[in-house]
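Biologist: I keep meeting words like "parallel" and "buried" in descriptions of proteins. Could we go through a few and see what each one rests on?

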Amino acid sequence: MNRSSIIGQRVPKLDAPDKATGRATYGHDVRLPGMLHGSILYSRYPHARVLRVDASRAERLPGVKCVLTAVDNDVTGMAPHARFGYGKDSTPFKGDVVRSLQDEVAGVVAVDEETAAEAISLIGVEYEPMPALFTPAEALAEGAPLIHPDRGTNLFKRYDYSHGDLAVGEDASDVIVETSYRLPYVTHACMETSVVVARFDHRDHLTLWSTTQIPFLLQRDLSDALGIPGSQIRIIQTSIGGAFGRGLDIYPYEPIAALMARKAGRPVRVSFSRHEEFMASPARQPAEVTVRAGVREDGRITFRDVSILLDIGAYVSWGSVTPLVMMETTASLYRVPHVRFQADCVYTNNPITGAMRGYGNPQSTFFIETVMDRLAEALDMDPVEFRIRNANRPNSETPQGLVITSCGMKECLEAVAASADRTAISERSPVASRRSPATTPQLPIPNPHLKRGIGFATTLNVGGGARIYRSDGCGAMVKVDDFGHVTLVTGSTEIGQGSETVLAQIVAEVLGVRVEDVAVVNSDTDVKPWDVGVHASRTTFIAGNAAHLAAMDARTQIFETASELLGVEPEELVAKDGTVTVKGGTRADGRGVPLGKIVRHRHFREGGQVVIGDGWYDPPTKLVDKDTYKGNISAAYGFGAQMAEVEVDTETGEVRVIRLACANDVGRAINPMAVEGQIEGGAQMGLGYALTEELLVKEGKVLNPDFLDYRLFTAADMPEIETIIVETDDPGGPFGAKGVGEMGGTPTAAAIANAIYDAVGLRLTEVPMTPERVLAALERQDRKSEFHP
């Protein structure tokens, strides 16, 4: 790797001072002159006809400006039947039929939130309840009522993928294992609840202050939903207090805010309470999974066969696309010659499911990696050795069509294995005799009811974008002013992940300036160039390449002028410390010129020009084939491995994670501190998914809509985390970098489940692995041992 002065440095986040001191403006901080407050009335039934809405009492309440219902969905007369969202099956307010308890029936605009809430309680709605469906099996049953009758079925989509020949793989297998899994709803739990502010100006153009992750796609979707030309819609992103995929689609409260602002004639803010956030926001989709897999005696995987039933809720959002990622894990994590994958996405009257960090990968990594441990045990093979034997390799292509360039999977496994204390077999572990030596840690445990074990898991994730739209590109502009100050205008979105800082480092490295000399502008669709949005661990790779191209363009212009001043060819120049010098020379010996002076010389002369570089990067990838689902969806792929050391209390069922070692192949760490933050933050979410987090839904209703009953992993719960950065220098990434945003949490639950088995011999197939579930499994194990001593 080339030596650099800024790339690879631990640079604090550029926005950290503003966020730490309260100067940052979040969505809830936006206050506009004359701003009103909107509130939404949701359905009382999960499935019903709406017979009548009586808003007369609400309209008479002092302070109420207007009330909206489904008759107000069309603000222009151009979109009376417009539907929006990924499935084009939703409207702002629901008129004839409600299909979930999330459905928006009416809205109120008032002078303050308290008045709006009181007015909501005064709206009377008469319903005719209809039969409701709360499981995919019920929804697919013969004769089941149709949630969307115009579709003719409750099956939204079936994903069918295969490569190789499953029968051949089965015949070649010496061992075959089969197991089933039940995986739950999980919510994003962002610190900041959903919020939007809408305003129409004197030209009747709409401005939306939003916490979206997809400003340009939201611009398009609002145009479809409202019948307003996209050129008349402006999206301004505020500071975002957590996203994790929540902002990857348009949701009804956003066009509702616009409808409210249009009818009221003043700016309107719609902000969710915490209860509303739990109830009305999208969730990670639950799944019922069956997995079969085989292996030869020599440890080579022969086949995988996966069937999944997914509950996508009453409307389609990006939760229905997660099978593409689950398919990727199934077909391309390790070298597997024969694969079949089938997933059914089914409408129910449950809450809507959407994108969430990892995007299906936490689910699929859980079932694939726990099955990997079962296969290793059946062969009496060390689980790390088994994984390395089947590991993906650099400069290879999977049967699914993933073109793997750099790959540090083996190095990640070796790193977490070296981190584990595997020096002796512990007599406390019931499975120690079935493992090769050096599997379980030898640590003193004073309480005989406490059993310790370790487990491993790996992960594969896109690291160079993911082409799920026609364009996966990002634009950038780099301006250098007369004083040598640099401004990067990027299409990418900052959602707290630190992308502003990484992009500033890339630009600073190219132009030879300090990071603090680079300002990043990225919040306004009227100003910044197009970008598809922040998802799929794409920003460092995609936006980073765009910023690099723009900075190189600006540097070419600077070197062109500097060569005139210094009397040498541009190829003989270097930029460093805010100065352009001749190679081997210095400013002191007259062979260097300050950056600002060069820009002024270029500017203040006849026919002068300012320095503005532009860059556009769209990776060399393709949309997967719509029939076979094969193709190279990303320009690079990241790999990771984790080792979890756990302690299980056999009296209470409590599982305590003592230590987590996380190794990730990131190509090159442009900012190691930011990489560590992403890994540790992902691990925190993975720990919650493994042990505590579950959105409880019964008959379409969320039963635990607060942080008292929805159990997040807190700082007090966190174990020791060791982050190990593996650098493989990807040939396509900026300075060799790949994305890392999602990998930190995807293998965590699997590593913990494997560690629990190592400690007490339990194979758990449901998350979260709560004390109640662990204790119940231990009791079943004890009863079974009584009958089969």
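Modeller: Gladly! Let's start with handedness: a crossing is right-handed if the near helix is turned clockwise from the far one by less than a right angle, and left-handed if anticlockwise. The crossing of H13 and H14 is right-handed. Keep in mind that this is a predicted model.

Biologist: Why is H13 called roughly parallel to H14?

Modeller: Helix H13 (residues 499-511) packs against helix H14 (residues 539-566) at about 30°, with the axes 9 Å apart. Angles under 35 degrees count as roughly parallel, so H13 is roughly parallel to H14.

Biologist: What makes H16 and H17 oblique to each other?

Modeller: Their angle is about 50°, and their axes lie 8 Å apart. Roughly parallel needs an angle under 35 degrees, and roughly perpendicular needs 65 to 115. An angle of about 50° fits neither, so H16 and H17 are oblique. Here too the crossing is right-handed.

Biologist: Which residues of H17 meet H16?

Modeller: Thr-748, Ala-749 and Ile-752 do, and their partners in H16 include Ala-683 and Leu-687. By class, this contact has seven nonpolar, two polar and no charged residues.

Biologist: How do you know that Cys-412 is in no disulfide?

Modeller: A disulfide needs two cysteine sulfur atoms within 2.5 Å. For Cys-412 the nearest cysteine sulfur, that of Cys-407, is 8.3 Å away. In fact, a search of the whole structure finds zero disulfides.

Biologist: And why is Cys-412 called buried?

Modeller: Buried means under 20% relative accessible area. Cys-412 has 0%, so it counts as buried. Cys-190, at 1%, is buried as well.

Conventions:
Residues are numbered from 1 along each chain as its sequence is written. This is a predicted model: local features need pLDDT of at least 70, side-chain atom pairs count only at pLDDT 80 or more; totals for chains, interfaces and linings use all residues. Side-chain values use heavy atoms; hydrogens and water are left out. Axes are lines fitted to C-alpha atoms, for helices over the stretch in contact, and angles run from 0 to 180 degrees between N-to-C directions. Helices (H or I, at least four residues) and strands (E, at least two) are DSSP runs, numbered from the N terminus. Angles under 35 degrees count as roughly parallel, over 145 as roughly antiparallel, 65 to 115 as roughly perpendicular and the rest as oblique. Contact means heavy atoms within 4.5 Å. Ala, Val, Leu, Ile, Met, Phe, Trp, Tyr, Cys and Pro count as nonpolar, Asp, Glu, Lys and Arg as charged, and the others, Gly among them, as polar. Buried means under 20% relative accessible area, exposed over 50%, partly exposed in between (1.4 Å probe, protein chains only).
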